[in-house]
Amino acid sequence: MTDLALPAGIWRRECAAELKRSWRLPQFLVPTVLTPAAFYGLFTLAISKHVSPTQAVATLAGYGVFAAIGPALFGFGAGIAMEREQGLIELKRVSPLPAGAYVAAKLTAAVAATGAALSLIYLLAIIAGAALSPAQWILLVALHLASTVPFAFIGFGLGMRMSGKGAVAAANALFLGSAVLGGLWIPSTMLPSWMQAVGEAVPSYHLGQLALGVVGMPVIGSVWLHGAIVAGMTVVAAIWAWTGWRRSPA
Amino acid sequence: MKQDLMAAASLTGVSKSLGGKPVLRELSLSINVGEVTALLGPNGAGKSTTVSLLIGRLQPDAGEVALYGLKPNRPAARARLGVMLQAAGLPDVMTVAEMVTLQSGYYRDPRPLGETLALAGLEDLAHRPCGTLSGGQARRVQYALAVCGRPGLLVLDEPTAAMDRASARALWSTVRDAAADGAAVLITTHDLAEADTLADRVVVMDAGRIVADDTPTAIRALAGGAVVRCRSAIPTTRAAALPGVLQATSDGAELRLVTTDAAATVRRLLDADASLADLHVHDAALEDAIVNLLSRDERIAA
């Protein structure tokens, strides 16, 4: 039956509308875009007098993952919880809009914010002398942007289960926890052993190790294993997000 | 039952519990093409749950819900459904025209933007961000979002709450037009004047069941009640105990009684208060009829 055919461009229009909406919410955009670059500039570049290009590259790997976590956790987690409280999702859910288009639009907005945050960090790294081959840059950009995905699912699961305030608190805790335990700020090798052990349970640790591999820095353990673990965690997070969506009446 | 072929949506033998409490008990209801059906009842009667089941936000524990023969959460069913939710918000930073355009894009044969804005009386507000609208204006945007896709089934949950009378009347007339064009319309309301003016059919719910389902005129007749008004010193508590009286209210000057037996009530009223004046007896309005129906239902349940 032709009834099943969706109007052409429904996904694209939803994504465009979500981008426009995020752009008009500077209170969301500014912190998630500026914070990672500010931290990178302050803690990596400003604190030490002579930053070697190697240092700039090694820290870039982790801070790029950090830059992806904010838009994912806050845009999806806190954003969706608040939208749910305001009844913004209800109408979408009873509309002939595929759930996938709704999620894709949110993800597009989060990836765009990550992209903006990343370009600032990359700029600072290049100024500090970071040099990578074109292939390395391409891989690094792809990995950093993709880091949004597992955290977006985690945020989505939170957002469908918690109140707006609760989700903001949880997103903050996860944001900082993922950065510290994942070794994104301080290399995992310099963390106390219990923190290293806990860190293995967060996706940011494995993403951070993958990023180190991309830029040619030493990696703890096998790159392939980190990749497999991140993929597995992403699937689990997606299932968690999906069950939250199904369970919630609105 | 008489018009199965014309039902756009139906609930058949539907039961639903929420938080362990039964909310709907074997409810059957069909929403027919070309008809405005008003769902009435006190808070907790199960109106919102009925709406949520119908639009696929909740799944029934038992029984079946169908929109055009499909489960309500199927995309093909949603494509023919327009909903105005009570609790739905609008994104503050998007303009009215942007929201209506986006929603129109969900449907395969939407109305042109200008037509939708005109239907909801939003021409002058098209470029206003939704965050700057008054409550009544936001409701009109919700209405525009519900009708922009030319839905065959229009579900309006308390559509005119927070609207001024002029906006409400304008909306009623476009709802009537939609039904005349062949849409099936379900509204829930607390406003009995709204049900009386707008609906072809009134369904009264109480405690998860349907207690009456007929035209507004037939419901008034079915309840068979009358209203007695007078000036009297009799306190409402005493008046409420008079024979036939279902409800006694007073605005200080005038005593107002809803009764099932006007003759018996008036006889005893005159006995009880020799100074009684300005006595009027008239047919119950829809509101009084429903009070009567609900209290009759309570007596049966008790």
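Colleague: What distance separates the centres of domain 1 of chain B and domain 2 of chain B?

Modeller: Taken over C-alpha atoms, the two centres are 39 Å apart. This is a predicted model, in which local features need pLDDT of at least 70 and side-chain atom pairs count only at pLDDT 80 or more, while totals for chains, interfaces and linings use all residues. Residues are numbered from 1 along each chain as its sequence is written, and chains are lettered from A and ligands numbered from 1 in the order in which they are written.

Colleague: Where do the domains of chain B run?

Modeller: Domain 1 covers 4-217 and domain 2 covers 225-283, with bounds that come from an automatic or database domain assignment.

Colleague: What makes S2 and S4 of chain B edge strands?

Modeller: The open sheet has three strands in the order S2-S1-S4, paired antiparallel. Strand S2 (21-32) and strand S4 (62-67) of chain B each have a single partner strand, so one side of each lacks a neighbour in the sheet. Strands are DSSP runs of E with at least two residues, and helices are runs of H or I with at least four, both numbered from the N terminus.

Colleague: How do you know that S1(B) and S4(B) pair?

Modeller: Pairing requires that DSSP find at least two bridges between two strands, and strand S1 (residues 7-18) of chain B has five antiparallel bridges with S4(B), so the requirement is met. In S4(B), B:Ala62 is the bridge partner of B:Ser15.

Colleague: Why is the group of 97 residues called a nonpolar core?

Modeller: The name fits because such a core is a set of buried Ala, Val, Leu, Ile, Met, Phe, Trp, Tyr and Cys residues joined through C-beta atoms within 7 Å. Buried means that 20 or more other C-beta atoms lie within 10 Å of the residue's own, these atoms being placed from the backbone. In this largest core, the residues with the most contacts inside it are B:Ala38, B:Ala144, B:Leu153, B:Val155 and B:Val185, and helix H5 (residues 135-147) of chain B gives the most to it, with seven residues.

Colleague: Why is this core said to lie between the two domains of chain B?

Modeller: Domain 1 and domain 2 of chain B both give residues to the core, so it lies between them.

Colleague: How many residues does each chain bring to the contact between chain A and chain B?

Modeller: Chain A brings 23 residues and chain B brings 25, where a contact needs C-beta atoms, placed from the backbone, within 7 Å. On the side of chain A that touches chain B, H4(A) gives the most, with five residues.

Note on methods
Buried ≥ 20, exposed ≤ 12 C-beta atoms within 10 Å, placed from the backbone. Contact = placed C-beta atoms within 7 Å.
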